[in-house]
Structures are given as structure tokens and as C-alpha cells.
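Subject: Structure handover

Hi,

Here is the structure for you to look over. My notes follow below it.

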Amino acid sequence: HALVAERWRIGRVFIAGDAAHQQPPFLGQGLCQGMRDVANLAWKVVAVHEGRAGDALLDTYGRERGAHVRQLTERIKGIGAVICERDLDRARARDAALLDACGGVVRPEPRQNVQPRLESGLLEAAVARVDDDPVGTLFPQPWIVDDGNRTRLDDLAGAGWRLVVEGKTATGYEAAIDTAPLHRLDLRMVRIDALGERGSMQEAEGVVIDWFLRYRCAAAIVRPDHYVHAVASSPEEIAQHLLRLCTRLAEPETS
């Protein structure tokens, strides 16, 4: 049983959670989807209410969440078809195929790897994407070490817009930030360094550093709901991304 609303907004009224979608219980995503809805919408409502963004920003809520829910629901239905096989011979064949696909070794799969990326909305160059493009995916959540204590990045950096940079290439990004009217963003720059290196935030396990290497970039603009808006390899690229982002946020009501 799966349902997704066609419209998520009418004027000043929005729907979220079970009012906007219902899906099968596999992966336990019903409540999670509702939390993602609110995480997507809340910061946008605040930005518009405070005059830091135009009303058009609110229309990205339904576009982003509707497409994401539909994609994830299809994956959930596919997983349900695998789990609910009632024919014994087919179930044995399924098990054999799954074991063969993983080389006979069952490995845990992080749940975020099952999550679709955002494909449209408030994203840099929101067009058809390749698999190795991090735009629209959730930014990693590493452990940060400070005086021997381990703290999650979100608890240290807060929930606003962030410019996360790889520590060794951080020089120059401060100037890039100054080129954009960032009163619309209230953006914070976060420098991530490997453990043992001198820097503002040292991560325990190299998750973000590995992420930068994987996607061949040195900086990422991260939205308040922790989705990656844009990535870049130089301060010049970041400056362009920020200018375009501020221009988009200033857009008035959609027609």
C-alpha cells in the first residue's frame, strides 16, 4: 500500500508526514520520511518569514520531497518483494543469488546508501546527474575530536548553511565568502582536518577527508537540512556557487 500526494502546498498551507505519503513498512521509513519533510520545510519557512528568501523557495519543498518519496517508495516496494517471497523454491533461489552477488559474505549496508539523492529544487545545476556526483546527497556526519572528546559535527557546527572545506586547501575560501550577499544565508565556514593535524576541527576517522577525495573536490556548500547544495575544487568555484545561490534565494513568488 503506497500513496504520495500530488500537491504538497496550497498558499500558506503545507502537508507533511502521513498526510503527504504512505508506504509499506519495509525499512521502517514512514516516520523517517515525515522527519525529512519537516527538516526540508522548516528552514525554508524561517528564511522566507525573516525576509532572507523569496516565496519561490517554498515551492521547492514539494518538488524535492515528492520526488524523493516516490523514488524511495519504489525501492521499499522492491525490498518488500524480496522479503515476502512465499514460494520455498523461489526463496532458496533468491538466497543463493543474494549470496552470490556479495561473494558469499553478508555485509551490512548503511541505510543512507539506500536513500535517493535529491534530483531537483534548490541545488546547484539541478539537472540529470551521474552516480559520482554528490550534489543532492546527504553530507557525511563524522566524529570530531576535541581534547579527547568525540562530538558529532552537527552538534558543533549547528544547523544553518555551511561551507565545509578540506583543511589543507582552506586558504582563500574566506575571501570567496565575502563576494556574496551572505545575509541571505547566515553561512558558517567549517574547516575539517585529519586527526593529528592543526585545524579548527579534527575528525576521528577521516570520513569527510575520504569524501572529498572520492568526489575530487575540496569544499562543499551544505544546506541547513544537511543536503549538499554544491561542491567545488577552488575558492573561485565556491564564489560563483554562492552568488548563484543568493540570486535564487531572492526570487519572488513563482507564477
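Which element gives the most to the lining of the second largest pocket? Helix 3 does, with three residues. Please keep in mind that this is a predicted model.

**The pocket**

The second largest pocket holds about 460 Å³ of space. Its lining is made up of L27, I79, V82, L98, L99, A101, C102, V106, R107, P108, E109 and V114. Two elements give two or more residues to that lining: helix 2 (56–83) and helix 3 (88–101). By class, the lining residues split into ten nonpolar and two charged, with no polar ones. The charged pair is R107 and E109.

**A surface patch beside the list above**

Two of the lining residues, V82 and L98, turn up again on the surface. Together with I83 they make a nonpolar patch of about 260 Å². L98 belongs to helix 3. Is L98 buried, partly exposed or exposed? It is partly exposed, because its relative accessibility is 48% and that class runs between 20% and 50%. The patch takes residues with over 30% relative accessible area, and L98 has 48%.

**Two backbone outliers to check**

Most residues other than glycine have a negative phi. Two residues here go the other way.

- D186 is not a glycine, yet its phi is positive, at about 50°. It sits in the loop between helix 5 (173–177) and strand 8 (188–194). With a relative accessible area of 60%, D186 counts as exposed, because the cut-off for that class is over 50%.
- H226 also has a positive phi, near 75°, and is likewise a residue other than glycine. Its place is the loop between strand 10 (219–222) and strand 11 (228–232). H226 has a relative accessible area of 23%, so it is partly exposed.

Both residues are in loops. Their exposure classes are not alike: D186 is exposed, whereas H226 is partly exposed.

**The chain as a whole**

How many helices and strands does the chain have? There are seven helices and eleven strands. The C-alpha trace spans about 65 × 50 × 35 Å along its principal axes. Of the 255 residues in the chain, 42% are buried.

**In short**

For the pocket, start from helix 3, which gives three residues to the lining. L98 links two of the items above: it lines the second largest pocket and is part of the nonpolar patch. For the backbone, the residues to look at are D186, with its phi of about 50°, and H226, with its phi near 75°.

Best wishes

How values were computed
Residues are numbered from 1 along each chain as its sequence is written. This is a predicted model: local features need pLDDT of at least 70, side-chain atom pairs count only at pLDDT 80 or more; totals for chains, interfaces and linings use all residues. Side-chain values use heavy atoms; hydrogens and water are left out. On a 1 Å grid over the protein atoms alone, a cavity is a set of points where a 1.4 Å probe fits but cannot get out, and a pocket is an open set with protein on both sides within 12 Å along at least five of seven lines; lining residues have an atom within 4 Å of a point. Grid points are joined across faces, edges and corners, and a volume is the space filled by probe spheres set on the points. Helices (H or I, at least four residues) and strands (E, at least two) are DSSP runs, numbered from the N terminus. Patches are made of residues with over 30% relative accessible area and no salt bridge: like charges are joined within 9 Å, nonpolar side chains (Val, Leu, Ile, Met, Phe, Trp, Tyr) within 5 Å. Accessible areas come from the Shrake-Rupley method with a 1.4 Å probe; for residues, only the protein chains shown count as cover. A salt bridge is a side-chain nitrogen of Lys or Arg within 4 Å of a carboxyl oxygen of Asp or Glu. Buried means under 20% relative accessible area, exposed over 50%, partly exposed in between (1.4 Å probe, protein chains only).
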